[in-house]
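Hello,

Here is the structure I promised to pass on to you. Please open it beside this email, and then read on for what turned up.

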Amino acid sequence: MSETTVPLPSSLPARLVRLYGGLALYGLGIALQVKSGLGNGPWNVFHEGAALRTGLTIGTVILVVGALVMLLWIPMRQKPGLGTISNVLLVGPFADAAVFLLPTPEHLAFQGFYLVMGVVTIALSTLLYIGAGMGPGPRDGIMTGLVRLGLSVRVARLSIEVAVLIAGWLLGGTVGLGTVVFALAIGPLTQLFTRWFPLT
């Protein structure tokens, strides 16, 4: 193990810090990308579009969608953990709080900064909360459920993200440069961060 690697926490307090710190950062990452106005990741295109159609905040939509997605776990025989429930209940409020507190960038350079920081933050926060070992997020659970039914990880993830991206775009969610950046960068960034925050 390298000197810069942070080992997977074994004590419950350390795992809880990793879980809830990761969820808070995930909400911040969502808010940064939304506030950039340059385009969101597939799920947040859908969340933003649904928020525009319903008049709810994006955080409320994230919470409601997360709860509804968990219903799909039942036929897939997926079992939620504390991390799953916490994800459903907290990411949305964290995102709403960050959207409220962050100033809206007026210049393209600041919009680009928000976009980059949003994608980086989402990549890091995903490793933190999944690495706590307390259960995947509700949307991740759909992917793993489809894999258990026989689909490859690549096909399962691509199918889900294309479906929610199209639905979100039709609802009015922001698709743009940020969507492309997210799609191209989220995997490599997540892999990079595993050097310091391993999943195993």
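Helices here are DSSP runs of H or I with at least four residues, numbered from the N terminus. With that in hand, Leu192 can be placed in helix α9, residues 177-193.

Before going further, two notes on the source. This is a predicted model, in which local features need pLDDT of at least 70 and side-chain atom pairs count only at pLDDT 80 or more, while totals for chains, interfaces and linings use all residues. Residues are numbered from 1 along each chain as its sequence is written, and side-chain values use heavy atoms, leaving out hydrogens and water.

Back to Leu192: it counts as partly exposed, at 33% relative accessibility (buried is under 20% relative accessible area, exposed is over 50%, and partly exposed lies in between, with a 1.4 Å probe and protein chains only). Its C-alpha atom is 23 Å from that of Gly39, and 153 residues separate the two along the chain.

You may like Glu48, which sits in helix α2, residues 42-54. Glu48 is buried but has no salt bridge, and Lys35, the nearest side chain of opposite charge, is 10 Å away. A salt bridge here is a side-chain nitrogen of Lys or Arg within 4 Å of a carboxyl oxygen of Asp or Glu; Lys and Arg count as positive, Asp and Glu as negative, and His and the chain ends are not counted. Beyond its neighbours within four places in sequence, Glu48 contacts Val34, Asn40, Ile58, Gly173 and Thr174, where contact means heavy atoms within 4.5 Å.

Helix α2 also holds Leu52, which is exposed at 57% relative accessible area. Leu52 and Leu171 lie 119 residues apart in sequence, yet their C-alpha atoms are 7.7 Å apart in space.

Leu82 belongs to helix α5, residues 82-101, and is partly exposed at 42% relative accessibility. Leaving out residues up to four places away in sequence, Leu82 touches Leu16, Leu19, Tyr20 and Met134. The C-alpha atoms of Leu82 and Gly135 are separated by 6.4 Å, with their positions 53 residues apart along the chain.

Lastly, does the length of helix α6 agree or disagree with what its residue count predicts? The expected span is 1.5 Å times one less than the number of residues. For the 24 residues of α6 (residues 108-131) that gives 34 Å, and the end C-alpha atoms are 34 Å apart, so the two agree. Gly133 follows α6, and has a positive phi near 70 degrees.

Best wishes

Note on methods
Helices (H or I, at least four residues) and strands (E, at least two) are DSSP runs, numbered from the N terminus.
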